[in-house]
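Visitor: I would like to know how the labels on a structure are earned. Could you take me through some?

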Amino acid sequence: MAKCRVCGAPAEAYLDYSRTYLCSRCFNDYYERKVGATIQRFKMIKPNDRVLVAVSGGKDSASLLAVLRKLLPDVEMAALYINLGIPQYSDHCEEKFKKITEVLGVESLVFDLKRELGFSIPDFRRTVYRRRLCSPCGTIKRYLMNKIAVEQGFSKLATGHHMDDIVETLFNSYLHGDVEQIVRLKPVLSSTHPKFVAKIKPLWNVTEQENLFYATYNELPVRTVGCPLAKGARSLEQKRYLSSLVEHIPNFRHVFLSSHMRELLPALERSITAPPLKECKKCGMPTSGEVCAFCKRAELVLGKISNQSPKFKV
């Protein structure tokens with residue numbers, strides 16, 4: 001049996017990119033040091049920050065909330081769950097969310113999309129997005145996370161995006177030449193408008209597998225079912241393709257992300273200027289156009305299901 005490289009106990013975790021075996025205790029120490037180093041390196045959280053942590057019920061955001069609570073016990077923190085109204089999934093995730101916030105002693109905020117705004121993500125099946133529901137889902141979640149953070153007075157919004165997510169998004173953006181998306185994807189996306197909260201990604205340097213280990217070894221309550229609307233999504237195909245690359249080149253993600261941050265991103269930042277933000281004519285939140293993407297999609301779906309307008313405040 002393989003032994004832990006640090007203490008010599010029986011190993012439970014294997015990190016393929018560094019060919020390292022660790023026991024559960026030493027892995028937890030390693031994971032927490034790694035996340036802590038990322039927070040310090042990018043100056044993500046200051047002592048006086050109020051941090052809102054987006055939690056989905058899955059292993060990644062559960063690990064994020066747990067490690068932030070442990071590393072930063074004195075920082076004011078709350079967790080947010082957005083119930084998207086997906087049958088046999090959203091309520092299950094909300095149950096896991098409530099359990100982990102109770103276990104960790106973190107204030108919990110729940111936003112029910114159907115109850116608050118009159119539509120759910122499955123309602124988009126009646127629109128042009130019926131074959132690609134992940135697109136409006138992402139738009140809706142990003143908008144609401146920012147809006148709730150602004151209204152509740154938080155200074156930082158933390159999400160559970162990990163290295164696999166980031167490399168997948170970068171890979172796809174490079175493939176399609178989406179330089180604006182490439183420049184926006186950073187460990188810290190600073191606030192550029194009073195109604196735009198700074199976004200942070202403390203799991204920037206950890207892999208999905210490491211999140212699974214951390215959630216498992218710490219017995220975190222996480223969802224046990226996958227999103228039924230994600231079946232057949234193009235992102236899953238891309239994930240499988242990148243996984244096959246990692247099988248042949250275990251450190252591919254680390255090398256790719258390091259090269260991007262060190263060489264490519266600085267060059268792109270010098271040549272790309274972000275469009276100025278204005279306020280949406282309908283909801284008043286930041287957007288680069290006259291009407292924000294959220295309002296366009298909300299009006300679209302509400303028009304299909306009930307001929308009504310969004311119920312949010314301006």
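Visitor: What makes Lys281 count as exposed or buried?

Guide: First, keep in mind that this is a predicted model. Lys281 has 64% relative accessibility. Exposed means over 50%. So Lys281 counts as exposed.

Visitor: Which label does Glu290 get, and why?

Guide: Glu290 has 39% relative accessibility. Buried needs under 20%, exposed needs over 50%, and partly exposed lies in between. Therefore Glu290 counts as partly exposed.

Visitor: Why is the meeting of Glu290 and Lys281 called a salt bridge?

Guide: Their side chains meet at 3.2 Å, N to O. The cut-off is within 4 Å, so the pair qualifies. Salt bridges that share partners also join Lys59, Asp60, Glu168, Glu208 and Lys239 into one network. The structure holds 20 salt bridges.

Visitor: What makes Lys147 and Glu151 a salt bridge?

Guide: Apply the same test. The distance is 2.5 Å, N to O. The limit is 4 Å, so this pair counts. Both residues lie in helix α5, residues 134-151. They are four residues apart, about one turn of the helix.

Visitor: How do you know whether Lys147 is buried or exposed?

Guide: Its relative accessible area is 8%. Buried means under 20%, so Lys147 is buried. Its partner Glu151 has 52% relative accessibility. Exposed means over 50%, so Glu151 counts as exposed.

Visitor: What parts of the chain does the salt bridge between Asp49 and Lys156 link?

Guide: In that salt bridge, the closest N and O atoms are 2.8 Å apart. The pair links distant parts of the chain, 107 residues apart. Asp49 is in the loop between α1 (24-41) and β3 (50-54). Lys156 is in strand β6, residues 156-158. Asp49 is buried, and so is Lys156.

Visitor: How do you know that β6 pairs with β8?

Guide: Two strands need at least two bridges between them. β6 and strand β8 (residues 198-200) have three bridges, so they pair. The sense is parallel. In β8, the bridge partner of Lys156 is Ala198.

Visitor: What makes β5 and β7 edge strands?

Guide: Each pairs on one side only. They belong to an open sheet of six strands, in the order β5-β4-β3-β6-β8-β7. The pairing in this sheet is mixed. Helix α3 (residues 90-104) lies across β4 and β5, running at about 165° to β4. α5 lies across β3, β4, β5, β6 and β8.

Visitor: Why is α6 called oblique to α10?

Guide: Helix α6 (residues 163-176) and helix α10 (residues 252-271) pack at an angle of about 55°. That makes α6 oblique to α10, because roughly parallel needs under 35 degrees and roughly perpendicular runs from 65 to 115. Their axes are 10 Å apart. α6 passes α10 in a left-handed crossing. The contact includes Tyr174 of α6 and Leu268 of α10.

Visitor: What makes Leu268 buried or exposed?

Guide: Leu268 has a relative accessible area of 18%. The buried label needs under 20%, so Leu268 is buried. Leaving aside neighbours within four places in sequence, Leu268 is in contact with Tyr174, Val179, Ile182 and Val183.

Visitor: How many residues separate Leu268 and Ile182 in sequence?

Guide: They are 86 residues apart in sequence. In space they are 8.4 Å apart, C-alpha to C-alpha.

Conventions: Residues are numbered from 1 along each chain as its sequence is written. This is a predicted model: local features need pLDDT of at least 70, side-chain atom pairs count only at pLDDT 80 or more; totals for chains, interfaces and linings use all residues. Side-chain values use heavy atoms; hydrogens and water are left out. Helices (H or I, at least four residues) and strands (E, at least two) are DSSP runs, numbered from the N terminus. Buried means under 20% relative accessible area, exposed over 50%, partly exposed in between (1.4 Å probe, protein chains only). Contact means heavy atoms within 4.5 Å. Axes are lines fitted to C-alpha atoms, for helices over the stretch in contact, and angles run from 0 to 180 degrees between N-to-C directions. Angles under 35 degrees count as roughly parallel, over 145 as roughly antiparallel, 65 to 115 as roughly perpendicular and the rest as oblique. A crossing is left-handed if the near helix is turned anticlockwise from the far one by less than a right angle, and right-handed if clockwise.
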